[in-house]
Amino acid sequence: MTSYDQIMKLALERGFYFPSCEIYSDAPAGFWEYGPMGANMKYKFIALWRRELIRRDSMIEIDGSQIMSKSVFEASGHLLNFSDPLVECKNCNSIFRADRYISEKIGKAIPEGTSEIAMNSMIAENHIRCQNCKGEFKPVTRFNMMFKVGIGSSHDEAYLRPETCQTIFVDFSRVFKTMRGKLPLGIAQIGKSFRNEIAPRQSLLRLREFYQAEIEVFCNPERLNEMPKFDEVRNTRLNLYDDEYHRDITAYDCLDQGLLPNKLVAYYLALLTEFYGKTGIDMKRTRFRRLADDEKAFYSLVAFDFEVETSIGWLELVACNYRADYDLKGHSSISNHNLEVIEPTNQTKVLPHVFELSMGIDRSLYTILEHCYYEDFRHDDRVVLRLNPYLAPITFGVLPLMSKTIMVEKSRAIHSLLKRDFDSVYDESGSIGRRYRRLEEIGVPFAITIDQQTLVDDTVTVRYRDSMEQERINTGELKKFLEDKSAVV
RNA sequence: GCGACGGUCGUCCAGUUUGGUCUAGGACAUCAGAUUGCCAAUCUGGUAACCCGGGUUCAAAUCCCGGCCGUCGCACCA
């Protein structure tokens with residue numbers, strides 16, 4: 001069984017995630033639910049993200065609408081660019097990407113933005129037919145990956161946002177003013193985005209409805225190397241990959257050797273590296289890959305994907321795009337609002353540029369599960385999810401050594417003292433060994449066991465998931481003990 | 001979206017070839033009880049499934065058609 005299958009099995013059996021609407025046979029692909037364990041883990045992942053990125057860098061966070069008006073996506077370019085021209089064979093229904101197919105057949109490049117009409121004439125003039133069955137093609141159509149929705153009784157045209165950042169851009173002016181912003185400023189958002197993928201696959205890795213955590217750093221393009229806080233991360237080590245690997249190289253050296261364009265970009269890539277280092281992902285299996293021009297999104301000037309190696313290959317977790325003034329310029333022009341801000345040092349107006357860190361939460365959670373999954377062949381092949389305590393969906397379990405004794409009553413009392421401060425479970429069912437194994441499998445880092453001695457001196461044992469070692473703790477000190485042990489370090 | 005293959009308890013699998021013996025079987029998991037009392041012990045009992053819709057037939061998990069989902073390949077992935 002591959003690692004992906006093992007994680008899938010664990011997710012289904014233990015309530016991390018499972019298909020949406022699964023009791024109905026018309027449940028569409030690409031929609032998944034987080035069960036109790038997955039939802040808890042997601043909350044903790046977000047808490048870590050806030051701590052290590054938002055608070056650390058003094059960013060500000062908003063929470064915007066998922067449905068946005070048509071004009072937003074005219075301005076953002078998604079109505080035009082976020083779609084593919086397709087041709088379909090009348091005979092065998094094969095579907096091809098129209099521009100690429102024509103260009104392949106006539107040996108000439110088809111420019112972006114070529115109209116459907118023009119492409120239809122090219123097909124006719126060059127007698128292009130289906131390569132599978134020689135059938136004729138239906139007229140070229142466009143498939144837009146945004147979900148269209150109708151608002152109100154008149155069904156006014158609007159769309160589910162295909163990326164969370166568009167709300168940040170349209171809110172930028174008000175947020176910047178009301179929060180007394182100064183460049184560079186990170187504005188962040190966590191939420192759902194929606195893309196009508198043609199073929200969603202692999203559970204959490206390619207969804208039609210998914211969580212993003214996006215950070216848009218607004219900056220003055222003239223001052224990308226004025227970053228005093230860069231010194232905090234100058235020795236942070238990154239893995240870069242362009243034509244060749246540059247492993248374990250400090251942020252400072254990346255700049256020095258011209259591998260990264262400026263201090264602002266280097267600073268945020270380093271910050272992101274430090275964040276992911278705390279998630280339990282094996283950083284030796286990660287890299288920032290610089291994208292070639294033909295791989296980049298239409299709005300991106302320079303792009304680095306933060307990728308991680310998993311059982312199904314390299315997986316993109318974060319897209320880091322230098323979007324320049326693409327978005328603010330577009331929104332400014334379509335909305336007729338001036339989105340420039342004042343640069344305080346010389347009182348000049350500037351339209352900020354944007355460097356974006358666009359993180360896929362679902363993919364990140366999957367990767368954490370996979371990298372933390374461990375089969376301990378020295379102890380009955382036990383399965384241990386070695387999650388960092390601050391990301392574990394459950395922090396501890398309370399277990400009476402024996403059921404049907406006064407230990408049960410004592411255990412419940414101890415659980416009551418702690419359950420409001422932590423995510424926890426109480427379990428008296430089955431042998432003590434079986435209960436430890438159940439907790440290990442869902443990554444519970446600590447097991448508190450109430451035994452004979454507890455009744456005598458009010459101490460309990462705390463068992464560590466990974467080492468299986470135990471230590472005795474006074475019940476009065478448990479809360480502090482657990483807080484200390486599950487703190488982010 | 002195309003093509004190939006597949007879909008049976010929470011999970012994995014048997015049964016489908018050759019329709020009836022399937023009131024659908026097993027393992028693990030889970031629940032209750034007994035027993036034990038610090039690392040998946042044992043025993044007893046229980047809960048629990050034929051992806052959905054239509055068709056053929058005296059009879060469908062099994063054959064046929066359509067849909068949905070999954071895996072892989074192609075294409076797609078702003």
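How far is a phosphate oxygen of RNA strand B from an N or O atom in the side chain of R438? The legends below begin with this contact in the predicted model.

**View 1. The side chain of R438 beside a phosphate of RNA strand B.** An N or O atom in the side chain of R438 lies 2.6 Å from a phosphate oxygen of the strand. The elements that contribute two or more residues to the surface near RNA strand B are α1 (3-14), β6 (95-97), α13 (432-441) and β25 (459-464). Of the surface near the strand, α13 supplies the largest share, with seven residues.

**View 2. Backbone atoms of A27 and L401 beside RNA strand B.** At A27, a backbone N or O atom is 3.4 Å from a sugar or linking oxygen of the strand. At L401, a polar backbone atom is 2.8 Å from a base nitrogen of RNA strand B.

**View 3. The protein surroundings of RNA strand B.** The strand is surrounded by 45 residues, and the closest are S25, R100, R195, R206 and F298. Among the atoms of RNA strand B that come within 4 Å of the protein, 53% belong to sugar and phosphate. Sorted by class, the surface near the strand has 19 charged, 16 nonpolar and 10 polar residues.

**View 4. A nonpolar surface patch made by I406, L455 and V456.** The patch covers about 310 Å². One of its residues, I406, is located in helix α12 (residues 406-418). I406 counts as exposed because its relative accessible area is 53%, and the term applies over 50%.

Conventions
Residues are numbered from 1 along each chain as its sequence is written. Chains are lettered from A and ligands numbered from 1 in the order in which they are written. This is a predicted model: local features need pLDDT of at least 70, side-chain atom pairs count only at pLDDT 80 or more; totals for chains, interfaces and linings use all residues. Side-chain values use heavy atoms; hydrogens and water are left out. Patches are made of residues with over 30% relative accessible area and no salt bridge: like charges are joined within 9 Å, nonpolar side chains (Val, Leu, Ile, Met, Phe, Trp, Tyr) within 5 Å. Accessible areas come from the Shrake-Rupley method with a 1.4 Å probe; for residues, only the protein chains shown count as cover. A salt bridge is a side-chain nitrogen of Lys or Arg within 4 Å of a carboxyl oxygen of Asp or Glu. Helices (H or I, at least four residues) and strands (E, at least two) are DSSP runs, numbered from the N terminus. Buried means under 20% relative accessible area, exposed over 50%, partly exposed in between (1.4 Å probe, protein chains only). A residue is near a molecule or strand if one of its heavy atoms lies within 4 Å of it. A polar contact is a pair of N or O atoms within 3.5 Å; within protein, one must be able to donate a hydrogen and the other to accept it, and residues adjacent in sequence count only if both atoms are side-chain atoms. Ala, Val, Leu, Ile, Met, Phe, Trp, Tyr, Cys and Pro count as nonpolar, Asp, Glu, Lys and Arg as charged, and the others, Gly among them, as polar.
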